[in-house]
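Student: I would like a close reading of a single part of this model, with enough of its surroundings to place it. Please state each cut-off as you come to it.

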Amino acid sequence: MAEQRDKQRGEGEAREGAQEVLESWPEGVRPEEARAWEELVATARRTVSDGLVVGTSGNVSVRVGDTVLVTPSGVPYDRLTPGDVTGVDLSGRQVLGSLRPTSELPMHLAVYGATDARAIVHTHAVHATAVSTLVQEVPAVHYITADLGGPARVAPYATYGTEELAENMLRALTDRTACLLQNHGTMAYGKTLPQAYDRTAQLEWMCRVWLTASSVPGLSPSLLSGEQLTEVGEKLRGYGQPG
C-alpha cells in the first residue's frame, strides 16, 4: 500500500511539474517555438560572455516557420525568461509576446526575406567594429574567409534601426553569409543558430588577426588569393561529420 501511495505521489508531482513548465510559456507558444527561444536566449547570453557585445547591444533571431523570434529591445539577456518570448511574422507584425522587438528588426527581416537564413547574430564585437572603420572589406588573412562566401564587405554607415541600414547591409551580404556594418559591428546568418554564431565569432577572430598582423612596423600581412579561397571553399563543403 505504501509503495502504491509513493507511486501515485510521484506521478502527481510529475504532472504538477509538467503543468508548471507549460504555464511558464505564454499562451499560443508552440513547442518548437519554445525550444527555439531557449536556444536563442542561450546564444544571446553567449555573445555577452564571449565579449562580442556589451550590455544590451547586438541582437539575435531565429526563424521557426513564418515566425521570427527575436531578442527584445533593451532587455539584459540574463533576465530573459520563457515569459519574455518575442516573435513577429515576416512582415514585422508582432505575433508573440508583449515586449518590443529589437530596434534592428528591419535588418533581420531583410535577411530572412532575401536569403535562406534560419538564424541571425548581430554583434558590436570590438575588433570587427574597429576594422569596419578602416577598410571596405575584411582582408583574406585566413581560409575561413571562404566559409563566409568570400571577404566580408563593409556596409556603408547608416543610423541603426533604419531601412537605409538594412538596404546597405543586404548589398554587402550579396553572395556572402556575413558582413561588417561601418562604425557599428557585425552581421552573420546561417541555417542554425550555432552556425550563425560560429560565423560571427570567426569574423571577429579574423579581424583581430588582421589588426594584429597589420600593427607590425614595416611589414604587411600576406593575403590569400581568390583561387586559394575557391579551393578551400570546395574542401569546407565536406568538413565535419557526415549526415
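**Two loops, then helix 2 and its surroundings**

Tutor: D175 is exposed because its relative accessible area is 64%, where exposed means over 50%, buried under 20% and partly exposed in between, with a 1.4 Å probe and protein chains only. This is a predicted model, in which local features need pLDDT of at least 70 and side-chain atom pairs count only at pLDDT 80 or more, while totals for chains, interfaces and linings use all residues. Residues are numbered from 1 along each chain as its sequence is written, and side-chain values use heavy atoms, with hydrogens and water left out.

D175 sits in the loop that runs between helix 5 (163-172) and strand 7 (178-181). Helices (H or I, at least four residues) and strands (E, at least two) are DSSP runs numbered from the N terminus. The phi of D175 is positive, near 60°, and the residue is not a glycine. Most residues other than glycine have a negative phi. N183, also a residue other than glycine, has a positive phi of about 55°. N183 belongs to the loop between strand 7 and strand 8, and N183 counts as partly exposed because its relative accessible area is 47%.

For the wider setting, the protein has seven helices and eight strands. Of its 243 residues, 44% are buried. Contact here means heavy atoms within 4.5 Å. Among contacts between residues at least 6 apart in sequence, 66% join residues at least 24 apart.

The part to look at closely is helix 2. Helix 2 covers residues 31-49. Its 19 residues reach 27 Å from the first C-alpha to the last, close to the 27 Å expected at 1.5 Å a residue; the expected span is 1.5 Å times one less than the number of residues. Buried positions in helix 2 are E33, A34, A36, W37, L40, V41, T43, A44 and T47. An α-helix has 3.6 residues a turn, so residues three or four places apart point the same way. The packing partners of these buried residues are strand 1 (59-64), strand 2 (67-70), strand 4 (94-96), strand 5 (119-123) and helix 6. Just past the end of helix 2, G51 has a positive phi of about 75°.

T47 is one of the buried residues of helix 2; it counts as buried because its relative accessible area is 2%. Its side chain reaches the backbone oxygen of A44 at 2.5 Å. A polar contact is a pair of N or O atoms within 3.5 Å; within protein, one must be able to donate a hydrogen and the other to accept it, and residues adjacent in sequence count only if both atoms are side-chain atoms. Not counting residues up to four places away in sequence, T47 touches L52, V53, Y77, V121, T123 and Y197.

T71 lies in the loop between strand 2 and strand 3 (87-89). T71 is buried because its relative accessible area is 1%. Beyond its neighbours within four places in sequence, T71 is in contact with L40, A44, N59, V60, Y77, P101 and T102.

T56 lies in the loop between helix 2 and strand 1. With a relative accessible area of 35%, T56 is partly exposed. The C-alpha atoms of T56 and T71 are 9.6 Å apart, with the two positions 15 residues apart in sequence numbering. Leaving aside neighbours within four places in sequence, T56 is in contact with G74, V75, P76 and Y77.

T56 also leads to the second largest pocket: among its 16 lining residues, T56, S57, G58, N59 and S103 lie nearest the centre. On a 1 Å grid over the protein atoms alone, a pocket is an open set of points where a 1.4 Å probe fits, with protein on both sides within 12 Å along at least five of seven lines, and lining residues have an atom within 4 Å of a point. The second largest pocket holds about 190 Å³, a volume being the space filled by probe spheres set on grid points joined across faces, edges and corners. Its lining divides into three nonpolar, twelve polar and one charged. Ala, Val, Leu, Ile, Met, Phe, Trp, Tyr, Cys and Pro count as nonpolar, Asp, Glu, Lys and Arg as charged, and the others, Gly among them, as polar.
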